[in-house]
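Student: I am new to this structure. Could you take me through some of its labels and the reasons behind them?

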Amino acid sequence: MTENDYVIRVLDTPGLVDGAAWNTLVALQDPNGGLNPFMRHEYLGAMHNSGSATPATGWTPRFITLWHGDELIAACALYIKDHSYGEYVFDHAWANAYHEHGLSYYPKALVAPPFTPVPGPRLLARDAATRTLLVKALVAWCSEEKLSSLHLLFTSEADVAACAQAGLMLRHNVQFHWTNVAPTLVTSCTALPPEGANFPRGGPSENSALTPGTDDKPRFFRDFDDFLMSLSQDKRKKIRQERRKVLDAGVHFRWSLGTDITSADWDFFYRCYERTYYEHGNAPYLSRDFFQRMQDDMPEHWLLFVGERDGSPIATSLIAVNQGETGAGGQFCNKSLANVAYGRYWGATERVDCLHFEACYYQPLQWCIEHGYRRFEGGAQGEHKMARALLPVRTTSAHWLAHPAFADAVERFLGREGEGIAGYMDELERRNPFRQPTSDSRPA
């Protein structure tokens with residue numbers, strides 16, 4: 001297909017995009033059959049229709065669509081921004097540099113679901129060639145609209161390849177993810193060996209979660225204790241102590257998935273979510289109506305943990321789940337490579353020592369193990385997550401700046417920053433929480 005074979009249509013609300021056609025493109029991005037919840041038409045529509053991400057809050061939607069005849073062949077959710085809040089890839093220094101030189105950094109263009117620092121597809125396309133055409137169309141449109149810059153955040157590998165081919169600059173950061181692999185000895189998820197490797201230093205294969213496992217091959221963890229035994233002695237001792245503190249405080253957790261989450265539970269969750277934001281001096285990004293739309297339109301993607309003491313709820317954490325392909329009778333395939341859980345929101349009405357760790361890490365990890373989930377992504381920032389066996393994973397964003405001199409300066413900055421990120425990853429690798437071959441052979 002050439003650039004003359006398609007038509008670009010720019011739509012200013014998600015409601016103008018056919019939801020089924022959009023979700024079909026979303027599903028094409030995952031070869032394992034997963035439907036990324038944060039790129040679903042329902043999720044993006046809820047952001048807009050609930051008033052959470054609208055022009056009034058600094059998120060002006062422009063859904064860029066490519067058509068071949070009547071067929072939607074590529075699309076992305078672009079937002080014109082007059083600030084940099086709710087993005088989690090920080091460019092405030094770039095904006096300040098523009099201001100100091102008498103130039104306007106805002107408005108800029110952002111391609112990412114609002115308030116959602118979760119890696120995934122941003123350029124929805126039927127194939128690699130069409131994805132590259134979409135990137136070129138984005139840059140051309142931003143240039144025509146006199147926007148200062150274009151930013152694609154937390155991109156997939158396919159997006160990175162298309163952006164690099166189109167000449168965009170790449171920027172790297174670090175998140176912390178947990179993988180449901182009981183290895184001989186795990187070292188890191190950052191450089192994954194080929195499927196079937198024996199891992200003399202540890203290190204899971206990206207596909208090893210489906211391997212039944214022997215004494216020298218990775219497998220799923222059998223239970224939470226099995227997971228703990230893969231950690232160094234000091235780490236598993238600390239986790240047991242933290243969990244004991246919550247139990248000794250009389251707090252017990254229950255979980256609900258999908259339509260089993262009651263309206264009362266959603267109400268309590270929002271009370272906690274709102275309180276957490278206000279305690280940090282900010283108004284919450286998302287409205288209660290947004291979560292009502294999640295309950296109504298895509299409940300299957302939400303898992304709620306509620307901590308109770310003496311029968312009354314005092315804490316909650318909300319987890320998103322990507323459940324992969326459905327099997328016989330509509331049941332989800334527990335062993336699917338697409339089964340991923342995402343840490344999203346939490347809050348509490350009382351202060352209990354270690355309650356945050358229990359609600360946000362230990363309960364979700366235990367659930368993932370029990371239900372055969374392959375990965376748990378812990379969200380933005382937080383190297384304290386390494387002590388809970390969430391390992392560093394590099395994330396990538398892509399950037400285009402219209403001003404040649406600033407583009408050159410940012411490219412040089414990204415080169416230095418990238419060296420720093422590489423050094424940081426090496427440092428984190430040396431602090432790996434898992435048992436090593438030459439030490440800590442004693443059970444605890």
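Tutor: This is a predicted model, and the questions below deal with its salt bridges and nonpolar cores.

Student: Why is the pair D353 and K245 called a salt bridge?

Tutor: A salt bridge needs a side-chain nitrogen of Lys or Arg within 4 Å of a carboxyl oxygen of Asp or Glu. The closest N and O atoms of D353 and K245 are 3.3 Å apart. So the pair qualifies.

Student: What makes this pair tie together parts that are 108 residues apart in sequence?

Tutor: D353 lies in the loop between strand 11 and helix 10, while K245 lies in helix 7.

Student: How do you know whether D353 is buried or exposed?

Tutor: Buried means under 20% relative accessible area, and exposed means over 50%. D353 has 49%, so D353 counts as partly exposed. K245, at 41%, is also partly exposed.

Student: And what about D265, which forms a salt bridge with R254?

Tutor: Their closest N and O atoms are 2.9 Å apart. R254 sits in strand 8 and D265 in helix 8. D265 has 9% relative accessibility, which is under 20%, so D265 is buried. R254, at 30%, is partly exposed.

Student: What makes K81, E87, D91 and K108 one network?

Tutor: Salt bridges that share partners join them. The count of salt bridges in the model comes to 27.

Student: Which residues have the most contacts inside the largest nonpolar core?

Tutor: They are W22, Y43, F269, F291 and W302, in a core of 48 residues. Helix 8 gives the most to this core, with seven residues. A second, separate core has 41 residues, including I239 and C354.

Note on methods
Residues numbered from 1 in each chain as written. Predicted model: local features only at pLDDT ≥ 70, side-chain atom pairs only at ≥ 80, totals over all residues. Heavy atoms only, no water. Core = buried A, V, L, I, M, F, W, Y, C linked by side-chain atoms within 4.5 Å. Buried < 20%, exposed > 50% of the residue type's maximum accessible area, 1.4 Å probe, protein only. Helix = DSSP H or I, 4+ residues; strand = E, 2+ residues; numbered from the N terminus.
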